[in-house]
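Biologist: I would like a close look at a single part of this protein. Please take me through the sheet and what surrounds it.

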Amino acid sequence: MAQPIGLRRAAISWEADSREVLRGWPKPIREDFGVALGELQMGRSAALPIRPMQSIASGVFELKDSDENKWYRLIYLARVGDTIYVLHCFTKATAKTDRRDLATAKHRLKQVQQRLREEKKNETRS
């Protein structure tokens, strides 16, 4: 599938330890998430299931995968400018997402939003 006209490949911003957590997952799971993120970077739909995370904020989504042992989750802020922000990666053994994982993603989202506000403020000063 061709890249949409005028859309550049998005960068990935790995927040806090999200990249290291993902790197600790089994190779087939890492590969699934790598392909899915690559598709999102190109402006296409990911092959993995995606769920909106309205409980965190509008524009925040969860990529989902699993194996016989665990469920793997990656929470990200959809493309802002030319960047996709991976807020939190975690595993879970039950259907319910732990409140701590939601709180971590919310906290990191606030940090990203603050950084973006600072960058915009600094741009207007230049």
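Modeller: What follows goes through the sheet, then the helices on it, then the rings and the largest pocket. Keep in mind that this is a predicted model.

Start with the sheet. It is open and has five strands in the order 1-5-4-3-2, with mixed pairing. Strand 1 (11-14) and strand 2 (50-52) stand at the edges. Each has a single partner strand, so one side of each is left without a neighbour in the sheet. On average, neighbouring strands are turned by 30° against each other, direction ignored.

Now take strand 4 (residues 71-80) and strand 5 (residues 83-92). They run antiparallel, and eight bridges join them. Trp71, for one, has Lys92 in strand 5 as its bridge partner.

Next, the helices. Helix 2 (residues 27-41) packs on the sheet and touches strand 1, strand 2, strand 3 (60-66), strand 4 and strand 5. The direction of helix 2 makes about 150° with that of strand 3. Helix 3 (residues 99-125) lies across strand 1, strand 3, strand 4 and strand 5. Helix 3 runs at about 165° to strand 5.

Look at the aromatic rings too. The count comes to three aromatic pairs. Ring pairs link Trp25, Phe33 and Tyr72 into a cluster.

Last, the largest pocket, with a volume of about 160 Å³. Strand 1, helix 1 (18-23) and helix 2 each supply at least two residues of its lining. Helix 1 gives the largest share, three residues. Among the lining residues are Ile12, Arg19 and Leu37. The lining divides into four nonpolar, one polar and two charged residues.

Notes
Residues are numbered from 1 along each chain as its sequence is written. This is a predicted model: local features need pLDDT of at least 70, side-chain atom pairs count only at pLDDT 80 or more; totals for chains, interfaces and linings use all residues. Side-chain values use heavy atoms; hydrogens and water are left out. Two strands pair if DSSP finds at least two bridges between them. Helices (H or I, at least four residues) and strands (E, at least two) are DSSP runs, numbered from the N terminus. Axes are lines fitted to C-alpha atoms, for helices over the stretch in contact, and angles run from 0 to 180 degrees between N-to-C directions. Contact means heavy atoms within 4.5 Å. Rings of Phe, Tyr and Trp (its six-membered ring) pair if their centres lie within 6.5 Å; planes under 30 degrees apart count as stacked, over 60 as edge-to-face and the rest as tilted. On a 1 Å grid over the protein atoms alone, a cavity is a set of points where a 1.4 Å probe fits but cannot get out, and a pocket is an open set with protein on both sides within 12 Å along at least five of seven lines; lining residues have an atom within 4 Å of a point. Grid points are joined across faces, edges and corners, and a volume is the space filled by probe spheres set on the points. Ala, Val, Leu, Ile, Met, Phe, Trp, Tyr, Cys and Pro count as nonpolar, Asp, Glu, Lys and Arg as charged, and the others, Gly among them, as polar.
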